[in-house]
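Welcome, and please open your viewer. We will take the whole chain to begin with, and then stop at a few places one by one.

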Amino acid sequence: MEQQSPPSSSTTTTTTSTTPFLPQHHPWWRRHFHMKNSLSSELSGAVGDLGTFIPIVLTLTLVSHLDLSTTLIFTALYNITTGLLFHIPMPVQPMKSIAAVAVSETPHLTTSQIATAGASTAAVLFLLGATGLMSTLYRLLPLPVVRGIQLSQGLSFAFSAIKYIRYNQDFVASKATAPRAWLGLDGLVVALSSLLFLVIFTGSGDHYDRNESDEDQPRRRNSKRLRILGSIPAALIVFLLGLVLCFIRDPSIFGDIKFGPSKIGFLSITWNDWKVGFLKGAVPQIPLSVLNSVIAVCKLSGDLFPDRELSAAKVSVSVGVMNLVGCWFGAMPVCHGAGGLAGQYRFGARSGWSVVYLGIGKLVIGLVFGNSFVRILNQFPIGILGVLLLFAGIELAMASRDMNSKEESFVMLVCAAVSLTGSSAALGFVCGILLFLLLKLRKMEYSGSAPGFSKFKFESTVDAETSSIP
């Protein structure tokens, strides 16, 4: 009987070498819930949207008697849920138009009227998302118009940030009071030092992910130095500095803190509250939420995370569900803002875990400190908030840098200019759409082949002379 010869070395080598190419099956939770960046970067990115969150929450708490504890608890739950569902640093931001109307109207809108404004807006967005109309709108909107809205929103944030840095702010009166002093715990030196610190440690916003190898960089030493700088949670350090300065500016805060959340209950809402909330709050908020909270957020998510672009229908339904649940209890009306997403990405957030950590922090604060936390926020250095808001605004505005032709840039800039000067994203959107259609009609050539018969033929190419930039 013949003996079987042992397998040859070549066979063994072949078997071993092919093993790494076998499909790797990872658990679903590992594919969807692992962090895309280092823990320090995710924590730093978590505070990237607080430059807009804190001023609006503080204003509504002081002016309209918003229940801060309830708002913190509900927004914490929103952060945790959306972070786990969308797998990106999905922000939870105040509905800015409703907040502006609430504090500018005389008399100020009540908590019930603010709630009805948020619920009315949420109902419209929920219906648009559930019926698929929001997805249709998202597909049909021209990119230059969307970029114009993003550019105007980003520049608006940046302009507000500069005002926060340069001038003392009275959020109750919604105005600047006096030029900010150079010295002091909320002086220009503190704000500019924070700005310089963030520029040194975060640069222009290009973070080096932990999975990126040094061989991908042309200069290994420079790459290593930048990697070390980028691993430091600069934005988190600046925010914690602001919290420390709160207690130094007013030590009496220690005696005013009362532990425990406020009692959560249903609001008492009348028919007049619905009428006032819808007409004064929801009507101006609905177009802003459609454009900035859904369309712009989805487009920006595709820019920042090409493999995780959000669905317009899901985001629209998400905004609807959040407010249809929380507004009945007096929580602040919220949405998903493109500026918040840009700010969190700017400071290192690359996964949903970033906003999960933020939600856990809000939940702890809401449950432990309750409404007394407003005493701390009231002493937070506004200059530092301005610095955080500045970086968020610039990051959002830079999303418009992909306009390659003169025609696209023209539509985008007109849309942005009208939105900024008219203080209305809806007005800028309408002007941008009309301009886009007018330019397309201009490129249609007329031809008639027989009497009584005519047709329009769309030019497939753009004239090189009109599209070239001198």
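Among contacts (heavy atoms within 4.5 Å) in the protein chain between residues at least 6 apart in sequence, 81% join residues at least 24 apart. What you see is a predicted model, where local features need pLDDT of at least 70, side-chain atom pairs count only at pLDDT 80 or more, and totals for chains, interfaces and linings use all residues. Residues are numbered from 1 along each chain as its sequence is written, and side-chain values use heavy atoms, with hydrogens and water left out.

Switch to a cartoon view. The protein chain has 22 helices and six strands; these are DSSP runs numbered from the N terminus, with helices being H or I of at least four residues and strands E of at least two. Of the 470 residues in the chain, 49% are buried. Buried means under 20% relative accessible area, exposed over 50%, and partly exposed in between, using a 1.4 Å probe and protein chains only.

**Stop 1: helix α16**

Select residues 338-346. Why is this helix largely enclosed by the rest of the structure? Nine of the nine residues of α16 are buried, so the rest of the structure largely encloses this helix. Among them are L341, Q344, Y345 and R346. Just after α16, look at G348, which takes a positive phi of about 120°.

**Stop 2: A102**

Now select A102, in helix α6 (residues 96-104). A102 is buried, with a relative accessible area of 0%. Not counting residues up to four places away in sequence, A102 touches L60, S64, H108, L109 and I114. Add T59 to the view: T59 and A102 are 43 residues apart along the chain, and their C-alpha atoms are separated by 9.7 Å.

**Stop 3: T111**

Keep S64 on display and select T111, found in helix α7 (residues 111-130). Is T111 buried or exposed? T111 is buried, at 19% relative accessible area. Its side chain reaches the backbone oxygen of S64 at 3.1 Å. Leaving aside neighbours within four places in sequence, the contacts of T111 are S64, H65, L66, L267 and G330.

**Stop 4: V368**

Finally, select V368 in helix α17 (residues 353-368). V368 counts as partly exposed, at 32% relative accessibility. Add F259, I360, V364 and L367: with V368 they form a nonpolar patch on the surface. Their accessible area together is about 460 Å², by the Shrake-Rupley method with a 1.4 Å probe, where for residues only the protein chains shown count as cover.

Conventions:
Polar contact = N/O pair within 3.5 Å; in protein donor to acceptor, adjacent residues only side chain to side chain. Patch = residues over 30% accessible without salt bridge, like charges linked within 9 Å, V, L, I, M, F, W, Y side chains within 5 Å. Salt bridge = Lys/Arg side-chain N within 4 Å of Asp/Glu carboxyl O.
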